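Biologist: Let us go through this model label by label. I will ask for the reasons, and you set each value against its criterion.

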Amino acid sequence: MAWIGTLRPARALRIQQAYPLAFFEQHLRHRRGHLLEGPSRAFPEVRFLP
């Protein structure tokens with residue numbers, strides 16, 4: 001399966017915290033950030049699907 005990887009648990013947790021936080025910051029607090037705009041240098045493991 002191409003969807004299963006070898007990400008360290010702490011790294012996966014950091015990603016799982018960062019993206020929802022960015023979403024809520026953008027949509028509830030109206031604070032735009034760069035994380036949801038596309039690939040991030042901070043999280044190169046994350047891929048945006050069309």
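Modeller: Accessible areas here come from the Shrake-Rupley method with a 1.4 Å probe. On that basis, the chain exposes about 4,700 Å², and carbon and sulfur atoms hold 61% of this surface. Keep in mind that this is a predicted model.

Biologist: What makes up the secondary structure of the chain?

Modeller: One helix and zero strands.

Biologist: How do you know that the length of helix α1 agrees with its number of residues?

Modeller: Helix α1 covers residues 9-27, which is 19 residues. The expected span is 1.5 Å times one less than the number of residues. That gives 27 Å, and the end C-alpha atoms lie 28 Å apart, so the two agree.

Biologist: Which residues of α1 are buried?

Modeller: Among them are Ala12, Ile15, Ala18, Tyr19, Ala22 and Glu25. In an α-helix, residues three or four places apart point the same way, because there are 3.6 residues a turn.

Biologist: Why is Glu25 called buried?

Modeller: Buried means under 20% relative accessible area. Glu25 has 18%, so the label buried applies.

Biologist: What makes Arg29 exposed?

Modeller: The cut-off for exposed is over 50%. Arg29 has 52% relative accessibility, so Arg29 counts as exposed.

Biologist: Why is the contact of Glu25 with Arg29 called a salt bridge?

Modeller: The criterion is a side-chain nitrogen of Lys or Arg within 4 Å of a carboxyl oxygen of Asp or Glu. The closest N and O atoms of Glu25 and Arg29 are 3.1 Å apart, so the pair qualifies. Arg31 also forms a salt bridge with Glu25, at 3.4 Å. Glu25, Arg29 and Arg31 are thus linked in a network.

Biologist: What makes Glu37 and Arg32 a salt bridge?

Modeller: Their N to O distance is 3.7 Å. The limit is 4 Å, so this pair counts too. Glu37 is exposed at 57% relative accessibility, and Arg32 is exposed at 61%. The structure holds four salt bridges.

Biologist: How many aromatic pairs are there?

Modeller: The search of the whole structure finds three. In one of them, the rings of Phe23 and Phe24 have their centres 5.4 Å apart and their planes at 80°.

Biologist: Why is that pair called edge-to-face?

Modeller: Rings pair if their centres lie within 6.5 Å, and planes over 60 degrees apart count as edge-to-face. Phe23 and Phe24, with 5.4 Å and 80°, meet both conditions, so the pair is edge-to-face.

Biologist: Why is Phe23 called partly exposed?

Modeller: Partly exposed lies between the 20% and 50% cut-offs. Phe23 has 40%, so the label fits. Phe24, at 44%, is partly exposed as well.

Key. Residues are numbered from 1 along each chain as its sequence is written. This is a predicted model: local features need pLDDT of at least 70, side-chain atom pairs count only at pLDDT 80 or more; totals for chains, interfaces and linings use all residues. Side-chain values use heavy atoms; hydrogens and water are left out. Helices (H or I, at least four residues) and strands (E, at least two) are DSSP runs, numbered from the N terminus. Buried means under 20% relative accessible area, exposed over 50%, partly exposed in between (1.4 Å probe, protein chains only). Rings of Phe, Tyr and Trp (its six-membered ring) pair if their centres lie within 6.5 Å; planes under 30 degrees apart count as stacked, over 60 as edge-to-face and the rest as tilted.
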